[in-house]
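Student: I should like to learn how to read the packing of helices in a model. Could we work through one case together?

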Amino acid sequence: MRGTWPECAQALSTPWNTAQQSLKVVKRLLDSNESREAFAQAVEQVARVLDDQPHRIDYANRRGLLSSWHLPRADWRHICAGLETRTGQATSPGPAAATALIWAQVTQGDYLHSPALSALRNSGRSTAPVVTTVNQILHAAKCYRGENAQLTDRLRRYADLLADACDRSETSPQGAYSPFDSYLVHGDFRTTLFPPDPTHSRTGDAG
């Protein structure tokens, strides 16, 4: 789309201050008119390529459907099944962190802008505990070891199911993707949430 940057930010559900800061960074990096023109042409080329794709994912629809979505606690219990050290501890990941990461995968957005963190901000509560937990999960996924790495695999699979539900539905999905519980635990594929280091084997999540 064409328009002012505030209009584009609104269309992408990007917070105004985030969009403004991104624009400042781009302007600082592109310190000449020639560089800015080359950047504009590159962005336009990418937009044309995307526009020509016959089968495009409607991420705006996904964001709209998930604008107030939170991971059901029953689904969270299934995701954590068998990961005993990941439950019941003060530092254990919780549904809020899982919601943020799943939302990021499905919408390809920044987890910091997820409904889970927005709800905390709007209620005046700190987002720091959730952000810390998310960063721990991301680090474990990058290293691809331990139960946090196993958890990220299950979150990936859940996100795939949720994305498919969004693309097939006109109402917000609520969970209960039967038989998602056994599928999450026993499935054997990876998607693109926190892509694992290709040098690690698929058996590297034990421990």
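**Reading helix packing and burial**

Tutor: Let us begin with a single residue: Gln108 has a relative accessibility of 48%, so Gln108 counts as partly exposed. Please keep in mind throughout that this is a predicted model.

Student: Where is Gln108 found, and what is its phi?

Tutor: Gln108 is found in the loop between α6 and α7. Its phi is positive, about 60°, although Gln108 is not a glycine. A positive phi also appears after α7, where Gly124 follows with a value near 85°.

Student: How many helices and strands does the chain have?

Tutor: The secondary structure comes to 10 helices and 0 strands. Read from the N terminus, the order of elements is α-α-α-α-α-α-α-α-α-α. The chain has 207 residues, of which 35% count as buried. Among contacts with a separation of 6 or more, 66% are between residues 24 or more positions apart.

Student: How are two packed helices described?

Tutor: Two values are used, namely the angle between the helix axes and the distance between those axes. In this model, helix α6 (residues 95–107) packs on helix α9 (residues 146–167) at an angle of about 55°, and their axes are 9 Å apart. α6 is therefore oblique to α9. The crossing of α9 by α6 is right-handed.

Student: Which residues make the contact of α6 with α9?

Tutor: From α6 come Ala98, Leu101, Ile102, Gln105 and Val106, and from α9 come Leu155, Tyr158, Ala159, Asp160, Leu162, Ala163 and Cys166. By class, this contact of α6 with α9 holds 10 nonpolar residues, 1 polar and 1 charged.

Student: Why do residues three or four places apart point the same way in an α-helix?

Tutor: An α-helix has 3.6 residues a turn, so residues three or four places apart point the same way. With that idea in mind, one may look again at the residues that α6 contributes to its contact with α9, including Ala98, Leu101, Ile102 and Gln105.

Student: At what angle does α6 cross α7?

Tutor: The axes of α6 and helix α7 (residues 115–122) cross at roughly 130° and come within 7 Å. α6 is therefore oblique to α7. Ala96, Thr99, Ala100 and Trp103 of α6 make this contact with Pro115, Ala116 and Leu117 of α7. The contact of α6 with α7 comprises 6 nonpolar residues, 1 polar and no charged.

Student: Which residues of α7 are buried, and what covers them?

Tutor: Pro115, Ala116, Leu117 and Leu120 are buried in α7. The cover of these buried residues includes α6 and α8 (128–143).

Student: How does α8 pack against α9?

Tutor: The axes of α8 and α9 are 8 Å apart, and the packing angle is about 95°. Angles of 65 to 115 degrees count as roughly perpendicular, and α8 is therefore roughly perpendicular to α9. Here Gln136, Ile137, Ala140 and Ala141 of α8 meet Asn148, Ala149, Leu151 and Thr152 of α9. This contact of α8 with α9 is divided into 5 nonpolar residues, 3 polar and no charged.

Student: Are Asn148 and Ala149 buried or exposed?

Tutor: Residues under 20% relative accessible area count as buried. Asn148, which lies in helix α9, has 13% relative accessibility and therefore counts as buried. Its C-alpha atom is separated by 5.7 Å from that of Ile137, and the two residues are 11 residues apart along the chain. Ala149 is likewise found in helix α9, and with a relative accessible area of 0%, Ala149 is buried. From Ala149 to Leu138, 11 residues apart in sequence, the C-alpha to C-alpha distance is 8.5 Å.

Student: How many disulfides are found in the whole structure?

Tutor: A disulfide is a covalent bond between the sulfur atoms of two cysteines. A search of the whole structure finds 0 disulfides. Two cysteines may nevertheless be considered for their accessibility. Cys8 is partly exposed, at a relative accessible area of 21%, whereas Cys166 is buried, at 0%. Cys166 is also one of the α9 residues in the contact with α6.

Terms used:
Residues numbered from 1 in each chain as written. Predicted model: local features only at pLDDT ≥ 70, side-chain atom pairs only at ≥ 80, totals over all residues. Heavy atoms only, no water. Axes fitted to C-alpha atoms, helices over the stretch in contact; angles between N-to-C directions. Helix = DSSP H or I, 4+ residues; strand = E, 2+ residues; numbered from the N terminus. Parallel < 35°, antiparallel > 145°, perpendicular 65-115°, else oblique. Left-handed = near helix turned anticlockwise from the far one by under 90°. Contact = heavy atoms within 4.5 Å. Nonpolar A, V, L, I, M, F, W, Y, C, P; charged D, E, K, R; others polar. Buried < 20%, exposed > 50% of the residue type's maximum accessible area, 1.4 Å probe, protein only. Disulfide = S-S within 2.5 Å.
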